[in-house]
Amino acid sequence: MRRALLLGAAAALVILGGCSTAPTPGPAPAPDRYGAPEPSRSLDASGVADRPCWVLRAEQLEKAGLEPRGQLDPLPAGRPACVWEDSAFTQQTSVALYPDRDYFVDTYRARGMYQLFEPVTVSGLPAVLQQTTPGALTCTVTTGIAVGQAADVTVSEIGVAPGTRSRSCERATRVSEMVIENLPASPPK
């Protein structure tokens, strides 16, 4: 009798075990950000990404020492940049906006290409300074303006006398702050 009860209990467990449901899958794993921090707030560059020459106001361009008219420059990544120069042709500044690509994460992924790769904060948002060699005459500041969106500002100093300290990263940071100031908040989802 005891043996019959044990066999019956074992058979019931086998039958019930076969009727159990599959485990519920957990949340999808977060995409790899390659160490790039997420922005604490979200801005939206979609309205000006194809017209980056409109992202800076005339008074901002004047404050940065740049001529008021920029030139569109098509980029290999698909979006155009706007390029401004100063009146003496000693400085060139470009702005590119990426509303549908996490270019900030892409920058972290490619960090080995730069001898200077310095995480910073620009207007409260995560950014990174990049130079091929420290003190180079060209500096790029890439800012994560939202998850999936970025602003990229590059300043090149052209007519700098030999031995003069480059201020390209300072200038790129200042222009990045101006760009961020002009971008609207992302619409609520």
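Colleague: How many disulfides does a search of the whole structure find?

Modeller: This is a predicted model, in which local features need pLDDT of at least 70 and side-chain atom pairs count only at pLDDT 80 or more, whereas totals for chains, interfaces and linings use all residues. Residues are numbered from 1 along each chain as its sequence is written, and side-chain values use heavy atoms, with hydrogens and water left out. Taking a disulfide as a pair of cysteine sulfur atoms within 2.5 Å, the search of the whole structure gives a count of two.

Colleague: Which residue does a disulfide join to Cys53?

Modeller: The link is right-handed, with 100° about the S-S bond. Cys53 lies in the loop between H1 and H2 and its partner in strand E2, so the pair ties together parts that are 29 residues apart in sequence; helices (H or I, at least four residues) and strands (E, at least two) are DSSP runs, numbered from the N terminus. At an S to S distance of 2.0 Å, the residue joined to Cys53 is Cys82.

Colleague: What is the torsion about the S-S bond of Cys139 and Cys169?

Modeller: A disulfide joins Cys139 to Cys169 with S to S at 2.1 Å, and the pair links distant parts of the chain, Cys139 being in strand E6 (residues 138-146) and Cys169 in helix H4 (residues 168-182), 30 residues apart. Cys139 is buried at 0% relative accessibility and Cys169 is buried at 15%, where buried means under 20% relative accessible area, exposed over 50% and partly exposed in between (1.4 Å probe, protein chains only). The disulfide is right-handed because the torsion is about 95°.

Colleague: With which side chain does Gln130 make a polar contact at 2.8 Å?

Modeller: Gln130 is found in strand E5 (residues 125-131) and counts as buried at 4% relative accessibility. Leaving aside residues up to four places away in sequence, Gln130 touches several residues, including Thr107, Leu116, Phe117 and Cys139, contact meaning heavy atoms within 4.5 Å. A polar contact is a pair of N or O atoms within 3.5 Å, where within protein one must be able to donate a hydrogen and the other to accept it, and residues adjacent in sequence count only if both atoms are side-chain atoms. The side chain of Gln130 makes one such contact with the side chain of Tyr114 at 3.4 Å, while the partner at 2.8 Å is Thr142.

Colleague: Which residue is linked with Asp50 and Asp100 in a network of salt bridges?

Modeller: A salt bridge is a side-chain nitrogen of Lys or Arg within 4 Å of a carboxyl oxygen of Asp or Glu. Asp50 has its closest N and O atoms 2.6 Å from its partner, and for Asp100 the corresponding separation is 2.8 Å. Asp50 is partly exposed at 48% relative accessibility, and Asp100 is exposed at 57%, whereas the residue that links them in the network is Arg79.

Colleague: Is Arg79 buried or exposed?

Modeller: Arg79 lies in the loop between E1 and E2 and Asp100 in the loop between strand E3 (91-98) and helix H3 (103-109), so their salt bridge ties together parts that are 21 residues apart in sequence. With a relative accessible area of 17%, Arg79 is buried.

Colleague: How far apart, N to O, are the side chains of Asp106 and Arg101 in their salt bridge?

Modeller: Asp106 counts as buried at 18% relative accessibility, whereas Arg101 counts as partly exposed at 32%. Their side chains meet in a salt bridge with an N to O distance of 2.7 Å.
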